[in-house]
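This report walks through one protein chain, part by part. Please look over the sequence and the structure before reading on.

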Amino acid sequence: MKGLLYQGARDIAYGDAPELKPEDTRSAIVKMTACGICGSDLHIYQGHGFSEETGYCVGHEAVGEVVETGSNVSRFKAGDRVMISAAVGCGSCVPCMSGNMNECANHAGRCYGLGPGLQGVQAEYAMVPVADFGLALIPDGISDDQAVLLPDNLPTAWHGLKGADIHPGATVAVVGCGPIGLMAVEGAFLMGAAKVYAVDLVPERRAMAEALGATALDAGEAAQIVQEQTKGRMCDSVVECVGADPAIHWREPDDGFQIPNGTGFHQESDLPHGHMFGAGTLAGIDSAGAGWQANAGTHDYPSHAAIGRGRGISHV
């Protein structure tokens with residue numbers, strides 16, 4: 001079997017991937033038909049991954065066709081088109097059944113392609129533990145290119161939007177206009193936002209955000225323009241969708257504010273709080289993938305943003 005293997009920092013190679021073996025009778029083998037690259041994969045590529053090991057297959061966003069099932073798999077059969085959940089759990093405890101596999105009561109929470117313990121999906125085939133829980137059928141009429149957004153990308157954007165407490169008529173800022181940021185722009189409008197600012201350094205990405213109805217701003221001028229256009233009210237909600245260290249330390253030289261990210265990489269709790277505009281609910285994801293919330297009037301949260309004013313600041 002061929003796959004993309006992590007060999008060290010900035011070295012991912014196409015080669016012979018480790019042999020797949022069903023974990024137990026609840027497992028399935030799925031032939032990949034489409035897969036995606038996550039920001040987490042880029043962290044791994046840059047040498048800031050989750051394991052010191054090398055030689056494992058990366059990736060956790062994929063759809064495919066079931067080719068083999070264990071004797072205790074009842075919901076799927078060979079030939080089914082399926083989406084593979086990026087997160088893996090025992091599938092039977094309360095947290096897993098609630099969708100919080102990172103809090104699995106049986107300590108079975110995992111993710112594909114973050115180390116050798118569970119090989120990634122950027123390969124010809126993938127082994128899916130607890131297949132009845134970790135797979136979902138792709139409905140008729142949905143293409144692979146559409147379905148591959150659902151194992152990770154779109155849910156990540158939606159989780160961030162929910163954490164930002166967006167309400168009808170809100171003014172929202174989305175920081176970062178990669179795939180997740182662009183989906184967050186669309187989702188913010190879907191939740192009723194009246195105005196969405198999309199902040200990015202890349203002109204082409206800003207153009208795509210504008211095509212979705214957002215007001216696109218360069219990071220260097222975003223704070224000033226938002227302040228002017230909102231007459232100092234700033235944004236009700238901010239969703240940070242970059243997931244890279246430069247975004248953590250993005251700062252406006254004139255007023256010293258920062259908008260850090262919340263992907264779980266190098267989050268800090270000793271950031272200055274003087275430029276938080278108002279109070280509200282902050283939400284995000286910690287390094288273990290668990291959600292967090294805190295009151296913006298306190299200092300017990302891992303990050304902050306300065307173009308937000310009121311209801312929520314969320315990091316995805």
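Asp218 is partly exposed, because its relative accessible area is 23%. On this scale, buried means under 20% relative accessible area, exposed means over 50%, and partly exposed lies in between (1.4 Å probe, protein chains only). The model is predicted: local features need pLDDT of at least 70, side-chain atom pairs count only at pLDDT 80 or more, and totals for chains, interfaces and linings use all residues. Residues are numbered from 1 along each chain as its sequence is written, and side-chain values use heavy atoms, with hydrogens and water left out.

**Salt bridges**

Asp218 has a charged partner. Its side chain meets that of Arg206 in a salt bridge, at 3.2 Å from N to O. Arg206 lies in helix H7, while Asp218 lies in the loop between strand S13 (215-217) and helix H8 (222-229), so the pair ties together parts that are twelve residues apart in sequence. Arg206 counts as buried, at 17% relative accessibility.

A salt bridge here is a side-chain nitrogen of Lys or Arg within 4 Å of a carboxyl oxygen of Asp or Glu. Side chains of opposite charge can pair when their charged atoms come close. How many salt bridges does the structure hold? There are eight. The table shows some of them.

| Acidic residue | Basic residue | Closest N and O atoms |
|---|---|---|
| Glu23 | Arg110 | 2.9 Å |
| Asp200 | Arg205 | 3.9 Å |
| Asp218 | Arg206 | 3.2 Å |

The pair of Glu23 and Arg110 links distant parts of the chain, 87 residues apart. Glu23 sits in the loop between strand S2 (11-16) and strand S3 (28-35). Arg110 sits in strand S8 (residues 110-111). Glu23 is partly exposed at 39% relative accessibility. Arg110 is partly exposed too, at 31%.

Asp200 is buried, at 8% relative accessibility. Its partner Arg205 is partly exposed, at 36%.

**The chain as a whole**

The chain has nine helices and 17 strands. Helices (H or I, at least four residues) and strands (E, at least two) are DSSP runs, numbered from the N terminus. Of the 316 residues in the chain, 51% are buried. Contact means heavy atoms within 4.5 Å. Among contacts with a separation of 6 or more, 65% involve residues 24 or more positions apart.

**Two open sheets**

Strands of a sheet pair through backbone hydrogen bonds, either parallel or antiparallel. Two strands count as paired if DSSP finds at least two bridges between them.

One open sheet has five strands in the order S9-S3-S5-S6-S10, with antiparallel pairing. Strand S9 (125-128) and strand S10 (135-137) stand at the edges. Each has a single partner strand, so one side of each is left without a neighbour in the sheet. S6 and S10 pair over three bridges, in the antiparallel sense. Met83 has Ala136 in S10 as its bridge partner.

Another open sheet has three strands in the order S2-S1-S4, again with antiparallel pairing. S2 and strand S4 (56-57) are the edge strands, and each pairs on one side only. Strand S1 (residues 2-8) pairs with S4 over two bridges, in the antiparallel sense. The bridge partner of Tyr6 in S4 is Tyr56.

**Asp80**

Is Asp80 buried or exposed? Asp80 is buried, because its relative accessible area is 10%. It lies in the loop between strand S5 (62-69) and strand S6 (81-84). Its side chain reaches the backbone nitrogen of Lys77 at 2.9 Å. Leaving aside neighbours within four places in sequence, Asp80 is in contact with Gly64, Glu65, Val66, Arg75 and Leu137.

**Helix H6**

Helix H6 (residues 179-190) has twelve residues. The expected span of a helix is 1.5 Å times one less than its number of residues. For H6 that gives 16 Å, and its end C-alpha atoms are 17 Å apart, which agrees.

Which residues of H6 are buried? They are Ile180, Gly181, Leu182, Met183, Ala184, Val185, Gly187 and Ala188. Their cover includes helix H5 (153-163), strand S11 (171-175), strand S12 (195-199) and helix H7 (203-211). Just after H6, Gly192 takes a positive phi of about 110 degrees.

Notes:
Polar contact = N/O pair within 3.5 Å; in protein donor to acceptor, adjacent residues only side chain to side chain.
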